[in-house]
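Let's take a look at a protein chain and the way it is put together. Have the picture open while you read.

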Amino acid sequence: MLTINNLVKHRGNQEILSGISFKARPGRVTGFLGPNGAGKSSTLRILLGLDRATSGSALINGKPFAELHNPLATVGAALDGFGAHRMRTGRAHLRWIARAAGLSRSRVEEVLEIVGLTNAAGKRVGNYSLGMGRRLGIAAALLGDPKILVLDEPVNGLDPEGIRWIRTFLRERAQSGNTVLLSSHLMGELAETVDDVVIIKHGKIVADGTLEEVTGNHHTLEDAFFALTSEHTGDVV
Amino acid sequence: MSVPSSRKITQILRAELDKLVTLPLTWLTLIVTFILNLLLAAAFTSAGLQGAAGTQSILKIGLASMGYLQAGFIILGILATCSEYTGGQIRTTLTTVPWRGLQLSTKYLALAIITIPAAFIIAASGVLYAFIRMRDTAVVIEIDTMIKTLVGATGYLTLTTLLSAAIGALLRRTTPAIVVLLSYYFIVSPLSRDFLPSIKNYFPDTAGYYMYMPPSSDEINVLTPMQGTGISMLWTLIFITVAIVFYRKRDA
């Protein structure tokens, strides 16, 4: 369970997050949607202990990230970018992470197999395509076989096959009782993957509910999203 | 905050060692430093042979390149910390090991583990080269003096590497960190020695010089090797502490 409670983040004079609250529950895929710059990545960075909140809390099973006993086995995270030095090979990248978390080298080969990167594992990360970089990020997130996945824009840069793969993969994870929180600005890709939807705009939550609740009277999630994030802010569903 | 067990600390240390040894830039920096140092040692030895042969100290000539050699170790230190900020690796590091103070401390330890043998081999290679070329003409040196001097040189290069890593962690970007440190070591410090003669011995590089400088009769040793070591260590510890404090407080 991920619990975001009244989270506020200031950067300089700017208020990036204005007291947002939501939950991501086990067994469900929660889509965290919003236009670019709405505060999605800032929220995920605070949740993962990378940035400090000005006030409020972001908890994983009731604890801040830095207090987790075994972070890699609790939360798998893939943020924007590759998360890897471009001069290292994909395999070497995963190996140091495995080493830090006390996991075996065979687990590295397993996750390479899961994301379909086995053949490219010996290549330097700098030579990877955007899609391969995303797969590497997801491989790193899966290393500790965590019950919670936090993915920032996971379909960004993936080809149609890759998008289909991640969709199926995330659905399977949720069905086996795991918590999945993913952020995106691509509505179409998400409607078929998510159970719950949280929409953020200018650092405020403008909708929070099941896919059906948020879509409401609109034809599609995309229509609902534009209705909620255009000039009229809308009320929380 | 949960306190990681000693097994966990060993795992984190080994991961930091993995990061350093799988980074091609680490090896490139060390190999280039080794080769350039030998070339410089050759040049200083040739100059020494043409000079007043017989009274030259092999140690002094073999370590004459130290001033330039330290540039390689400054770059090594900066690479160790700034490479975290390439490709967003820092996010992977901190979501794997969120205990920031411990993580950065183990990085310094891993860097020291790699730097100590590398610094000893590189410093010794220069002295060995001078010894082979000059053994017939130069004054005989005692083995324990040679070992003491090489240990001092290794210590100085290691402390310089760690100090550079701390500056790298503070600045987070490779190029600005290299510009700042090389400007200090090669421009600011040499110039300020003339303007600030009273405190010049207390800078990290000038104090560190006494760690390996072979005893000489024509110079007045202002600091003993132990004093030089103490002051250098203090500087390095101060910068490491400041880097860790900032690292823990700042957004990654």
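## A question to start

Which residue follows α3(A), and what is the sign of its phi? Look at A:G102: this residue comes after the helix, and its phi is positive, near 70°. Keep in mind that what you see is a predicted model.

## Chain A as a whole

Chain A is built with 9 helices and 9 strands. Its radius of gyration is 18 Å, and the globule rule also gives 18 Å for 237 residues, so chain A is as compact as a globular protein of that length. Laid along its principal axes, the C-alpha trace spans about 50 × 35 × 35 Å.

How much of chain A is tucked away? Of its 237 residues, 53% count as buried. Contacts tell you something about the fold too: take those in chain A with a separation of 6 or more, and 67% of them link residues that sit 24 or more positions apart.

## What the record says

UniProt has an unreviewed entry here, and it lists residues 2-227 of chain A as "domain: ABC transporter". That span is 35% helix and 27% strand, and its end C-alpha atoms lie 27 Å apart.

## Helix α3, wrapped up

Now back to helix α3 of chain A, which runs over residues 90-100. Here 8 of the 11 residues are buried, so the helix is largely enclosed by the rest of the structure. The buried ones are A:G90, A:A92, A:H93, A:L94, A:W96, A:I97, A:A98 and A:A100.

What covers these buried residues? From chain A, the cover includes α2 (71-74), α4 (105-115) and α5 (130-142). Chain B joins in as well, with its α1 (6-21) and α5 (89-96).

## Helix α1, another enclosed one

Helix α1 of chain A covers residues 40-47, and 7 of its 8 residues are buried, so this helix is largely enclosed by the rest of the structure. The buried residues are A:K40, A:S42, A:T43, A:L44, A:R45, A:I46 and A:L47. After α1(A) comes A:G49, a residue with a positive phi, near 75°.

## Surface and charge

Turn to the outside: the accessible surface of chain A comes to about 10000 Å², and 48% of that belongs to carbon and sulfur atoms.

How many charged side chains does chain A have? There are 27 positive and 24 negative ones, and the centres of the two sets lie 10 Å apart.

Definitions and conventions
Residues are numbered from 1 along each chain as its sequence is written. Chains are lettered from A and ligands numbered from 1 in the order in which they are written. This is a predicted model: local features need pLDDT of at least 70, side-chain atom pairs count only at pLDDT 80 or more; totals for chains, interfaces and linings use all residues. Side-chain values use heavy atoms; hydrogens and water are left out. UniProt positions are given in the numbering used here, feature names are shortened, and annotations may be inferred rather than shown by experiment. Helices (H or I, at least four residues) and strands (E, at least two) are DSSP runs, numbered from the N terminus. The radius of gyration is taken over C-alpha atoms; the globule rule is 2.2 Å times the number of residues to the power 0.38. Buried means under 20% relative accessible area, exposed over 50%, partly exposed in between (1.4 Å probe, protein chains only). Contact means heavy atoms within 4.5 Å. Accessible areas come from the Shrake-Rupley method with a 1.4 Å probe; for residues, only the protein chains shown count as cover. Lys and Arg count as positive and Asp and Glu as negative; His and the chain ends are not counted. The place of a charge is taken as NZ of Lys, CZ of Arg, CG of Asp or CD of Glu.
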